[in-house]
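Trainee: Hey, I've got a new structure to get to know and I'm not sure where to start. Can you walk me through it?

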Amino acid sequence: MKDSSGDIWIAADGGYLVPQQTASGIVQRMLDTGQILSRVAQDTVAGNSMTYNGVDETTHVGSLYGGLVGYWLSEAATKTSSKPKFYQMELKLKKIAALCYATDEQLEDTPFMASWLGREVPKALTYTTEKAIYNGNGVGKPLGIMQSTALISVT
């Protein structure tokens, strides 16, 4: 059988054990509990690639986020207008997945497996995702902060 993304899965091998609402819950738990993922922007994407508007910013002197300026104003005071600057980049999206083998006895106790998977799969996927965000090489996964040209080392 194929799912909506075209991936092949076999129900007899357990592909039917993780319903869509459970998969969505796993992703939400990853976003809620991750030390890095909880700070990552969450943008809705359709398809497997997108053009992303990044903030064109090389310094925080005078503005933030490419041109936004905050002001403390007294009554009737004026503010100077600003215009954010952006650049575009093409993102090719990749999936992250977890694989778990289970014995027939474990599968017979489906409530236990559902509870255990619901607790442990988000932890494993969060660890793998955050490791890539921090130090990934950019091949089939994110280019990590520590591997990026944006890294600034202070001596």
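Mentor: Sure, and let's settle one term before we look at any loop: helices and strands here are DSSP runs, at least four residues for a helix and at least two for a strand, numbered from the N terminus. Keep in mind too that this is a predicted model.

Trainee: Okay, so how many helices and strands does the chain have?

Mentor: You'll find 3 helices and 2 strands. Going along the sequence, the pattern reads α-β-β-α-α.

Trainee: And how confident is the predictor, on average?

Mentor: The mean pLDDT of the chain is 80, and 84% of the residues score at least 70. Among the elements, helix H1, residues 20-33, has the lowest mean at 78, while H3 has the highest at 89.

Trainee: Let's talk about H3 then. What does it reach from end to end?

Mentor: H3 has 26 residues and spans 36 Å from its first C-alpha to its last, close to the 38 Å expected at 1.5 Å a residue.

Trainee: Where is the kink in H3 centred?

Mentor: On Leu-117, where the kink is about 30 degrees.

Trainee: Which residues of H3 are buried?

Mentor: The list includes Met-113, Gly-118, Val-121, Pro-122 and Leu-125. Thr-126 is another one of them.

Trainee: Why does Thr-126 count as buried?

Mentor: Because its relative accessible area is 7%, and buried means under 20%.

Trainee: What does Thr-126 touch, leaving out residues up to four places away in sequence?

Mentor: Met-30, Thr-33, Gly-34 and Leu-37. Thr-126 itself sits in helix H3, residues 110-135.

Trainee: Switching topic: how many salt bridges are there?

Mentor: The count is 2. In one, the side chains of Glu-120 and Arg-119 meet at 3.0 Å, N to O. In the other, Glu-120 pairs with Lys-123 at 3.5 Å, N to O.

Trainee: Glu-120 turns up in each pair, then. What links the three residues Arg-119, Glu-120 and Lys-123?

Mentor: A network of salt bridges. Glu-120 and Lys-123 both lie in helix H3, 3 residues apart, which is about one turn of the helix. As general background, side chains of opposite charge can pair when their charged atoms come close.

Trainee: How accessible are Glu-120 and Arg-119?

Mentor: Glu-120 is partly exposed, at 25% relative accessibility. Arg-119 also counts as partly exposed, at 41%.

Trainee: What about the loop you hinted at? Which strands does the loop with Ala-76 lie between?

Mentor: Ala-76 is in the loop between strand E1, 49-55, and strand E2, 86-92. Its phi is positive, about 70 degrees, although Ala-76 is not a glycine. Most residues other than glycine have a negative phi.

Trainee: Is Ala-76 buried or exposed?

Mentor: Exposed, because its relative accessibility is 76% and the cut-off for exposed is over 50%.

Trainee: Last one, back to the whole chain. What percentage of its residues count as buried?

Mentor: Of the 155 residues, 15% are buried. The accessible surface comes to about 12600 Å², with 57% of it belonging to carbon and sulfur atoms. As for contacts between residues at least 6 apart in sequence, 49% join residues at least 24 apart.

Technical notes:
Residues numbered from 1 in each chain as written. Heavy atoms only, no water. Buried < 20%, exposed > 50% of the residue type's maximum accessible area, 1.4 Å probe, protein only. Contact = heavy atoms within 4.5 Å. Areas by Shrake-Rupley, 256 points an atom, 1.4 Å probe, with all protein chains shown as cover. Salt bridge = Lys/Arg side-chain N within 4 Å of Asp/Glu carboxyl O. pLDDT = per-residue confidence, 0-100. Expected span 1.5 Å × (residues − 1). Bend = angle between axes of the 7 residues up to and from the residue.
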